Structure formats: C-alpha cells, structure tokens
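These entries record what I looked up in the structure. I went from confidence to domains, then to the core and to single residues.

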Amino acid sequence: MRSTTNFVAIDLGASSGRLAVGRWDGKRFDLQELHRFANGYVNVDGHLKWDVSRLWSEIKSGLRKYASRYSEPLAGISVDAWGVDFALLDKGGELLGAPFHYRDSRTDGVPQRVFAHVPEPDIYQRTGIRTMQINTLFQLFSMVESGDRNLADARHLLMIPDLFHFWLSGEKSVEYTEASTTQMLSCRERTWACDLLDRIGIPGNILGPITHPATVLGTLKAELLEDCGLKSPVPVIAAGSHDTASAVAAVPHLDQHSAYISSGTWSLMGIECDEPVTSDEALSQAFTNEGGVNGNIRFLRNISGLWLLQECVRQWRSEGRQYSWNEVMELAADAAPFRSLIDVDASEFLAPDDMPAAIRAHCRRTGQPELRDDRAVARCCLESLALKYRTVLGALETLSGRELKTIRIVGGGGQNKLLSQLTADICQRVVVTGPVEASALGNVMVQAVATGSLASITEGRESIALSADLATYEPRPLNGLDDAYDRYDSCQGMPSGIP
C-alpha cells in the first residue's frame with residue numbers, strides 16, 4: 001500500500017465518540033474508523049455530568065489500536081466535540097469535579113436573572129450568540145449564584161476538547177471556534193469579554209489564552225507515547241475544536257453564494273461571513289455567530305433536524321412496527337404531499353413521550369387534517385423540515401444581502417435522498433450533499449493545514465471535494481408549494497430546541 005501521512009481525529013459527540021484515521025496521499029483523504037464508544041451523561045447527586053475519565057480511557061484505547069494496526073508514524077492528533085460545556089482545574093491542573101452536562105437543570109431560569117444585570121441585546125451585540133440557557137455564560141452564573149466551591153477554587157477553565165488537548169500535551173488554551181460557543185467571547189475582537197463578565201460576577205481570570213484553529217499546541221506526552229505504543233513524537237493540534245466548525249470546514253465549494261446545512265438529529269444552517277451580524281432582526285430570529293476555522297464567522301440558525309422523525313421511528317418500533325429507514329422513506333414518498341404541516345422547532349416537539357401523538361395533537365389544535373397513518377406522519381416531518389430550511393434560507397439572504405444559489409449539506413442527514421430532493425424542490429435551489437463524515441474529515445483536513453501538508457483551508461476543501469462522494473439534486477416544480485409555504489409560515493413560532 002502506498003505510504004500516506006496519517007492523522008487521528010478524536011470526534012466526540014453527546015451520544016457517542018470515535019477515533020478516525022485520516023490518510024492523506026497528497027491529493028485525497030481516506031477516512032477509516034479506528035475506535036468507537038458510547039457517551040452520555042451520568043447522574044451524580046441529582047446532577048447530570050460527563051464521565052470524562054471514561055472518555056479519556058477510550059481515547060487511549062483508540063491510540064493503542066493505531067499503534068498496533070498502522071506502520072506509519074502519526075502526523076497529528078486533534079479533538080473536536082460539542083460546545084458550551086467546560087471543565088474547571090485547580091492551580092495544580094487537577095480536575096475540580098466532573099464537568100456538568102448542558103441539559104442539567106441548574107440553568108433553569110438563569111438567563112432572565114443574568115439579563116437583570118446586563119440586558120439581552122447588549123450581550124448579543126457583544127458576543128453574537130443567541131440566548132440558550134445551556135450556554136457557558138449561564139452555567140457559570142448558576143455557580144456564582146449558588147456559591148459553588150469549585151468555581152472559587154478554579155484557576156483554569158477549559159472547554160471539553162481543550163481539556164483533552166491538555167491531557168494529551170500538557171498545554172492549556174481554549175481554541176477559538178469552541179470559545180465562540182460560550183457567549184463570553186467578543187465576536188468582533190475575538191477576545192474574552194471580561195468587562196461583561198465582571199458585571200455579572202463571573203471571574204475572568206480563569207479564562208486562558210485563545211488559540212487559533214490549525215495551531216500545533218505541543219507534542220504527545222512521553223508517558224502517553226510509551227503507554228499507547230507510539231514510536232515517535234506526535235503533534236497535538238487545535239484544529240476546529242467545535243464539531244460543527246470542523247463539519248463546516250469539510251463543506252466542499254462553500255462560497256459567497258452557498259448556504260450550508262450540517263444535518264443530523266439537529267440541523268445547523270448558515271453561511272460564512274467575515275464579520276458577525278448582530279442586528280435586532282438577527283437577534284429576534286434567533287441567529288447566532290460562531291467562530292469558523294478560518295478565523296471567520298459561521299452565521300447560522302439551529303433547527304430541530306431529523307429528531308422528530310427519529311423519535312417517530314422509535315415510537316413505531318416500540319409498538320411493534322419495525323421499520324428500517326429505507327422503509328420509512330418509502331412510506332413518506334408514497335404519502336400525499338402537504339397534507340398537514342408543523343413547526344419543527346415548536347416546544348411541544350422538544351421531548352414528548354410519544355412524538356407521533358404530539359404531531360397529531362398539533363394538527364388538531366391548528367385546525368389541520370389529522371395524520372392517521374405512519375406514512376402521512378413521516379411525510380409531514382420531512383416536508384416541514386424542508387419548509388423550515390426555506391424560511392431560514394430567506395432570512396439568511398435578507399440579513400446578509402446575498403443571493404444564495406446552492407445549499408450544501410454535510411453530515412449523516414445528507415444520506416436521506418428524499419429529504420435532499422424535497423429541500424431542493426421546496427427551497428428551489430440546487431442541493432449538493434456530502435461528505436457524510438464531515439466533522440472527522442474537517443478535523444483531519446485542518447490538521448493537514450497545521451502541519452504543512454496543505455497550504456490552506458481553501459485547498460483542503462478542494463481535496464475533500466475529490467475525496468468525498470457528492471450528490472446533486474436539481475429543483476423540480478411542486479404543485480401546491482406556494483400555498484403550502486403560506487400555511488407553514490403562518491404557524492411558525494420561536495425556536496426552543498437545544499442543539
């Protein structure tokens with residue numbers, strides 16, 4: 001086999017994690033899964049937390065697998081993970097308790113109490129981040145209110161991927177794309193908004209230096225090299241530490257006339273900008289400004305993606321209807337179009353015990369025909385999601401002043417051919433899907449830039465375009481589309497999901 005330059009992406013999600021090997025041959029990337037493991041919260045004294053010690057053990061197991069399976073030296077390691085959650089370290093660098101999970105109830109009602117100190121529009125203007133009670137800002141304020149001893153003893157705050165970078169290399173810093181999710185970073189200066197934090201009593205001295213994406217932090221600790229069986233020094237790299245930033249890095253041909261969707265359980269739809277958009281209209285429409293791997297801004301909206309249909313399938317299986325995903329798509333394709341429509345971001349769909357029942361109840365309450373069979377419910381979920389994409393696309397064009405001609409979908413949701421075609425038809429835009437493994441692929445591509453194997457993110461995206469299987473969906477005319485969109489637009493509320 002031809003010699004390659006190999007990188008390991010440690011890609012941590014809220015429900016699972018994995019290590020993937022990105023093999024670079026000078027022209028293309030080949031991504032191979034190395035180690036996969038489950039993730040999820042643990043309940044500690046009534047609070048939801050992350051078992052980072054177990055995740056650390058799994059990471060080391062994955063690195064041992066690399067040493068046993070590959071002869072090539074490892075050219076880099078980088079971690080990407082979800083946003084907003086963090087670890088606190090004492091003066092000796094020891095962990096002060098297990099990090100909290102963003103769904104923990106300690107932040108219930110906290111945003112309104114923060115706004116008593118600093119008005120919401122002021123925070124949005126400064127940070128560019130939409131209000132969600134899960135944000136780091138509100139998590140820390142809950143600790144201030146409760147007099148949490150760990151916060152008083154803390155000397156360092158590290159976001160989740162930065163914690164693992166510290167354990168890998170011994171270097172403490174917070175990578176820019178991850179820092180941008182905290183609602184504590186000045187979105188224009190790209191520095192911590194310490195004066196804002198002072199106004200609400202959060203200690204700014206625990207916030208360390210911000211590292212730009214594609215930075216080599218150091219090398220793997222000598223004891224880890226020996227423990228994992230790796231033979232030569234391994235660079236530890238801050239790539240795009242926020243998993244969505246890594247996914248967007250992997251969008252081929254993303255330009256000024258393209259919108260992206262990182263599609264899965266949640267859909268994150270947006271554009272890349274040089275500067276944040278923090279107008280009153282952007283705030284009212286719940287857009288957020290997060291950091292990109294080029295030091296730019298990902299101006300986006302969080303949308304409840306395939307969550308509704310996933311929960312429907314789970315309910316149907318519990319009732320004995322063991323549909324495969326292909327069978328669900330066949331059911332939806334056979335159903336009558338635009339029968340009843342729902343706002344996928346409505347609060348009643350956040351976590352119902354029975355999603356199909358919640359959808360039927362919504363249809364009754366809004367005076368629409370009740371969806372009596374599974375095929376109609378499945379069709380409703382997909383059409384309503386594509387209609388949400390159309391709404392967000394229109395807002396992106398208005399707020400940015402751009403004409404967006406192409407929608408580029410990455411992530412697992414891009415494998416759903418029916419949804420991709422509905423998105424093209426309903427948005428009346430060309431849709432291009434792929435790659436599926438976007439976060440891990442973006443991670444290794446930015447590592448390649450950091451180590452000089454690639455000259456730039458732009459060149460890296462060109463390589464990903466050659467490496468990935470891309471599919472194109474041309475828009476087709478749909479009877480009844482304008483009427484359906486008018487009906488859908490009239491029933492939309494404010495988003496309330498937790499991405």
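I count two residues as in contact when heavy atoms of each lie within 4.5 Å. With that cut-off I looked up isoleucine 271, leaving out residues up to four places away in sequence; Isoleucine 271 touches Ser258, Ala259, Tyr260, Ile297, Arg298, Phe299, Leu396, Ser400, Arg402 and Leu404. Isoleucine 271 sits in strand E16, residues 266-273. Its relative accessibility is 0%, so I entered isoleucine 271 as buried. From isoleucine 271 to leucine 55 I read 32 Å between C-alpha atoms, with the two positions 216 residues apart in sequence.

Entry on confidence. I note that the model is predicted. The mean pLDDT of the protein chain is 95, and 98% of its residues reach 70 or more. Over residues 494-499 pLDDT stays under 50, and the model has 24 contacts beyond four places in sequence for that stretch. Where pLDDT is low, predicted coordinates should not be read in detail. I therefore took no detail from residues 494-499, where pLDDT is under 50.

Entry on domains. I found the protein chain divided into domain 1 (5-238) and domain 2 (253-434 + 469-498). The centres of domain 1 and domain 2, taken over C-alpha atoms, are 29 Å apart. Across the boundary, 20 residues of domain 1 are in contact with 23 residues of domain 2.

I then consulted the UniProt record. An unreviewed entry there places "domain: Carbohydrate kinase FGGY N-terminal" at residues 8-248. In the model, residues 8-248 are 34% helix and 27% strand, with 18 Å between the end C-alpha atoms. UniProt also lists "domain: Carbohydrate kinase FGGY C-terminal" (unreviewed entry) at residues 259-450. I read 46% helix and 18% strand for residues 259-450, whose end C-alpha atoms lie 26 Å apart.

Entry on the core. Which residues have the most contacts inside the largest nonpolar core? They are Phe164, Leu168 and Ile359, in a core of 136 residues. Helix H15 (residues 374-400) gives the most to this core, with 15 residues. Domain 1 (5-238) and domain 2 (253-434 + 469-498) both give residues to this core, so I place it between them. Another core, of 29 residues, lies apart from it; among its members are Ala20, Phe29, Ala249 and Ala250. In soluble globular proteins, nonpolar side chains tend to be buried together.

I followed phenylalanine 164 further. Leaving aside neighbours within four places in sequence, phenylalanine 164 is in contact with Leu12, Val52, Leu55, Trp56, Ile59 and Val79.

Entry on helix H1. Which residues of H1 are buried? I listed Val52, Leu55, Trp56, Glu58, Ile59, Lys60, Gly62, Leu63 and Tyr66. An α-helix has 3.6 residues a turn, so residues three or four places apart point the same way. I also checked the length of helix H1 (residues 52-69): at 1.5 Å a residue its 18 residues should span 26 Å, and the end C-alpha atoms are 26 Å apart, which agrees.

Entry on isoleucine 237. This residue lies in strand E14, residues 235-238. Is isoleucine 237 buried or exposed? Isoleucine 237 has a relative accessible area of 0%, so I recorded it as buried. Not counting residues up to four places away in sequence, isoleucine 237 touches Ala75, Gly76, Ile77, Ser78, Val79, His165, Thr215, Val216, Leu217, Gln447, Ala450 and Thr451. The C-alpha atoms of isoleucine 237 and serine 169 are 9.3 Å apart, though the two are 68 residues apart along the chain.

Entry on backbone geometry. I found a cis peptide bond joining glycine 434 and proline 435, with omega about 0 degrees. Proline 435 is in the loop between strand E20 (430-433) and helix H17 (438-450).

I next noted valine 84, which is not a glycine yet has a positive phi of about 70 degrees. Valine 84 is in the loop between strand E6 (74-80) and strand E7 (86-89). Its relative accessible area is 8%, so valine 84 counts as buried.

Histidine 253, also not a glycine, has a positive phi of about 60 degrees. I located histidine 253 in the loop between helix H10 (243-249) and strand E15 (258-263). Histidine 253 counts as partly exposed, because its relative accessibility is 45% and the partly exposed class runs between 20% and 50%.

Note on methods: Residues numbered from 1 in each chain as written. Predicted model: local features only at pLDDT ≥ 70, side-chain atom pairs only at ≥ 80, totals over all residues. Heavy atoms only, no water. Core = buried A, V, L, I, M, F, W, Y, C linked by side-chain atoms within 4.5 Å. Buried < 20%, exposed > 50% of the residue type's maximum accessible area, 1.4 Å probe, protein only. Helix = DSSP H or I, 4+ residues; strand = E, 2+ residues; numbered from the N terminus. Domains from an automatic or database assignment. UniProt positions renumbered as here; feature names shortened; annotations may be inferred. Expected span 1.5 Å × (residues − 1). pLDDT = per-residue confidence, 0-100.
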